[in-house]
Amino acid sequence: MTALQISPEHIWEALAGVPDPEIPVVSITDMGMVRDVQLDGKKATVTFTPTFSGCPALRVIAQSIEDAVKGLGVPEVEVRSTLTPPWTTDWINADARERLRQYGIAPPAPAGEGLITLEAEPTRCPRCGSLNVSMTASFGSTLCKRLYVCGNCKEPFEGFKSV
Ligand SMILES: [Zn+2]
């Protein structure tokens, strides 16, 4: 039995290369989904929190995590998902917010900033930057997003719900 030549940092690096299954321009670590990495002998345990409870990608994410860690040569990988504490848009890192915007998804405003109202986040059109936008549907293509239309350039776009 020889010890593995990897550390939890290597696992974090590998997980940083796992794309979000719904938004391939960001990784699962960009989105703040990976909560914990443990390495005990030859077994790695990765705990993640799915972004929105309605997102149908749990199995895809778990499999991608397992594949990425096994790709490092870790023989045994346990992937756990936890909903406690629940994922929050605050866990998305700043760099990923910018890539989301470039991808055409309005990044979420930090939750809990300012007064809490039903529409707390100022949503900008990702194309022209206008704040003159209106929501057209509560749910976008997944439960994670809302559909908006820009009053300035008339383009529809998807925005995140801040949670
Ligand atoms: Zn616009």
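Here are some notes on the predicted model above, taken element by element.

1. Let's start with the sheet. It is open and built from three strands, in the order β1-β2-β3, with mixed pairing. The edge positions belong to β1 (34-40) and β3 (76-81); each has a single partner strand, so one side of each has no neighbour in the sheet. From one strand to the next, the twist averages 15 degrees.

2. The pairing of β1 with β2 is worth following on screen. β2 covers residues 43-48 and runs antiparallel to β1, with six bridges between the two. If you would like residues to click on, D36 has T47 of β2 as its bridge partner, and Q38 is bridged to T45, also in β2.

3. The link between these two strands is a hairpin: two residues lie between β1 and β2. One residue to look at in the turn is G41, whose phi is positive, at about 65 degrees.

4. Next come the helices that pack on the sheet. Helix α1 (residues 8-15) touches β1 and β2, and its direction makes about 140 degrees with that of β1. Helix α2 (residues 58-70) also packs on the sheet, where it touches β2 and β3; the angle between the directions of α2 and β3 is about 150 degrees. β2 is thus touched by α1 and by α2.

5. The two helices also pack on each other. Their axes are 9 Å apart, and the packing angle is about 130 degrees. At that angle, α1 counts as oblique to α2. As for handedness, the α1 and α2 crossing is right-handed.

6. Which residues of α1 and α2 make the contact? On the α1 side they are I11, A14 and L15, and on the α2 side I65, A68 and V69. Sorted by class, the contact of α1 with α2 holds six nonpolar residues, with no polar and no charged ones.

7. My last point takes us to strand β7 (residues 156-160), which contains E158. Is E158 buried or exposed? E158 counts as buried, because 20 C-beta neighbours lie inside 10 Å, and the cut-off for buried is 20 or more. For orientation, Y148 is ten residues away from E158 in sequence, while the C-alpha atoms of the two are 5.9 Å apart in space.

Note on methods: Residues are numbered from 1 along each chain as its sequence is written. This is a predicted model: local features need pLDDT of at least 70, side-chain atom pairs count only at pLDDT 80 or more; totals for chains, interfaces and linings use all residues. Two strands pair if DSSP finds at least two bridges between them. Helices (H or I, at least four residues) and strands (E, at least two) are DSSP runs, numbered from the N terminus. Axes are lines fitted to C-alpha atoms, for helices over the stretch in contact, and angles run from 0 to 180 degrees between N-to-C directions. Two residues are in contact if their C-beta atoms, placed from the backbone, lie within 7 Å. Angles under 35 degrees count as roughly parallel, over 145 as roughly antiparallel, 65 to 115 as roughly perpendicular and the rest as oblique. A crossing is left-handed if the near helix is turned anticlockwise from the far one by less than a right angle, and right-handed if clockwise. Ala, Val, Leu, Ile, Met, Phe, Trp, Tyr, Cys and Pro count as nonpolar, Asp, Glu, Lys and Arg as charged, and the others, Gly among them, as polar. A residue is buried if 20 or more other C-beta atoms lie within 10 Å of its own, exposed if 12 or fewer, and partly exposed in between; C-beta atoms are placed from the backbone.
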